[in-house]
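This report describes the secondary structure of the model shown here, how its strands and helices are arranged, and what surrounds its ligand.

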Amino acid sequence: MNKIGVFTSGGDSPGMNACVRAVVRTAHKHDVEVIGIKEGYRGMVAGYFETLTSLDVAGIIQRGGTILRSSRCPEFKTKEGRQQAYDNCKKHGIDALVAIGGNGTFTGALYFEEEFGIPTIGCPGTIDNDLFGTDYTIGFDTACNTVVKAIDQIRETAASHNRLFLVEVMGRDSGFIALNGCVAGGGEAVMLPEQRDDLPRLMQFLDEKSQHKIYSNIVVVAEGDEAGGAIELEKVIRKEYPQYDVRSTILGHLQRGGSPTCRDRILASRLGHHAVEALLKGERNMMAGEINNKVELTSFRDSIEKTKALNSDLLQLSEILVA
Ligand code: ATP
């Protein structure tokens with residue numbers, strides 16, 4: 001193996017740079033050249049290829065976002081787009097790929113590998129933590145820390161005005177950020193896509209609190225919750241519970257930014273390193289993840305298709321620790 005291509009794709013996440021750095025430096029230890037493919041699949045289709053030296057990845061471990069930039073690329077979902085991407089990879093002599101991204105990125109990698117046979121290993125780079133085959137994804141810890149900091153600040157104003165705050169967090173169809181953010185931020189309730197009965201439970205909770213005249217509460221709402229996010233939920237609460245002075249805060253993209261935490265930097269470094277080692281050992285079509293503090297490979301298919309369940313202990317804790 002002489003040349004590896006590396007790219008970041010889908011939503012950016014803090015720690016992607018640390019992962020790119022680990023890929024480049026591990027490959028160089030084995031005298032393998034690394035090509036950075038800019039803007040994910042868009043750059044693969046358009047031909048944005050650039051050699052990465054060890055110096056190019058110096059001073060990036062602490063930076064959020066991705067120096068390779070990222071994109072969502074509809075062309076890659078077509079056979080013609082993937083053919084174009086393959087032609088570009090061949091033109092640049094790429095023997096193997098490291099894909100850093102989420103679910104969609106690995107779906108694309110799976111098709112690409114099946115059609116054209118370029119060995120690919122994935123690293124889970126998404127704040128959502130929604131990939132099977134790894135306890136944590138790169139960027140999740142940083143995003144949770146951002147959420148907790150925001151909740152801490154919102155709590156001060158919520159308490160001062162005796163207000164009910166709905167804090168909407170990212171996570172797409174999964175509630176990992178919401179649940180972890182709620183427990184660590186001391187939220188009073190959490191709305192999760194994984195729970196079907198959370199609206200009636202929230203109603204019951206608000207009934208009980210208002211009987212005791214406790215109106216200052218923080219409810220963490222996952223963006224993918226069935227109730228429809230914080231704005232929709234606010235409308236319901238305003239109608240059903242006029243005694244509450246309710247406000248919504250949507251944390252949005254600030255959850256994606258920021259310098260990666262120590263935990264994310266180490267996870268990203270371990271997984272980036274392992275991805276290259278795995279390719280050199282002849283592995284393909286796998287995602288490198290961390291399970292019980294050990295790096296493990298899981299097939300792309302499993303990582304995409306199998307569902308990672310929320311931690312049930314944490315779920316219980318979120319209910320037990322509420323006053
Ligand atoms: P995140 O979880 O942060 O959103 P992601 O990798 O899931 O990251 P997506 O936008 O879903 O982000 O996917 C990234 C890219 O992967 C898409 O823009 C597209 O180019 C490619 N991709 C996604 N699904 C497919 C598919 N079914 N076939 C081919 N390519 C795909």
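## The four-stranded sheet

One open sheet has four strands in the order β7-β8-β6-β9, and its pairing is parallel; two strands count as paired if DSSP finds at least two bridges between them, while helices (H or I, at least four residues) and strands (E, at least two) are DSSP runs numbered from the N terminus. The edges are formed by β7 (189-191) and β9 (246-250), each of which pairs on one side only, and the twist from one strand to the next averages 20°. Axes are lines fitted to C-alpha atoms, for helices over the stretch in contact, and angles run from 0 to 180 degrees between N-to-C directions. The model is a predicted one, in which local features need pLDDT of at least 70 and side-chain atom pairs count only at pLDDT 80 or more, whereas totals for chains, interfaces and linings use all residues. Residues are numbered from 1 along each chain as its sequence is written.

Strand β8 (residues 217-222) pairs with β7 in the parallel sense over three bridges, and Val219 of β8 is the bridge partner of Ala189. Val219 is also the bridge partner of Leu166, within the parallel pairing of β6 and β8, which runs over six bridges. On the β9 side, β6 pairs in the parallel sense over five bridges, with Leu164 standing opposite Val246.

Six of the six residues of β6 are buried, so this strand is largely enclosed by the rest of the structure; a residue is buried if 20 or more other C-beta atoms, placed from the backbone, lie within 10 Å of its own, exposed if 12 or fewer do, and partly exposed in between. Leu164, Leu166 and Glu168 point one way from β6, and Phe165, Val167 and Val169 point the other way.

## Helices across the four-stranded sheet

Helix α5 (residues 140-161) lies across β6 (164-169), β8 and β9, running at about 165° to β6, where contact means that two C-beta atoms, placed from the backbone, lie within 7 Å. Helix α8 (residues 229-240) lies across β6, β7, β8 and β9 and runs at about 175° to β9.

The 22 residues of α5 should span 32 Å at 1.5 Å a residue, and the distance of 31 Å between its end C-alpha atoms agrees with this; the expected span is 1.5 Å times one less than the number of residues. The buried residues of α5 include Phe140, Cys144, Val147, Ile151, Ile154 and Ala158, and what covers the buried residues of this helix includes β6, α6 (176-185), β8, β9 and α9 (262-280). Just after α5, Asn162 takes a positive phi of about 55°.

Helix α9 has 19 residues and reaches 27 Å from its first C-alpha to its last, close to the 27 Å expected. Because 14 of its 19 residues are buried, α9 is largely enclosed by the rest of the structure. Gly282, which follows α9, has a positive phi near 90°.

## The seven-stranded sheet

A second open sheet, of seven strands, has the order β3-β2-β1-β4-β5-β10-β11 with mixed pairing. Its edge strands are β3 (49-51) and β11, each pairing on one side only, and its twist averages 30° from one strand to the next. At the β3 edge, strand β2 (residues 33-37) pairs with β3 in the antiparallel sense over three bridges, and Glu50 in β3 is the bridge partner of Gly36.

Strand β10 (residues 286-291) has five of its six residues buried, so it is largely enclosed by the rest of the structure. With strand β5 (residues 120-124), β10 pairs in the parallel sense over two bridges, and Met287 of β10 is the bridge partner of Gly122. With strand β11 (residues 294-299), β10 pairs in the antiparallel sense over six bridges, and Ala288 stands opposite Leu297. β10 and β11 form a hairpin with two residues between them, and Asn292 in the turn has a positive phi of about 50°.

## Helix α4 and the ligand

Helix α4 lies across β4 (96-101), β5 and β10, running at about 175° to β5. α4 (residues 103-116) also contributes six residues to the shell around the ligand, the largest share. A residue is near a molecule or strand if its C-beta atom, placed from the backbone, lies within 6 Å of it.

Of the 18 residues around the ligand, Gly10, Gly11, Gly102, Gly104 and Gly108 come nearest. The shell divides into four nonpolar, 11 polar and three charged residues, where Ala, Val, Leu, Ile, Met, Phe, Trp, Tyr, Cys and Pro count as nonpolar, Asp, Glu, Lys and Arg as charged, and the others, Gly among them, as polar.
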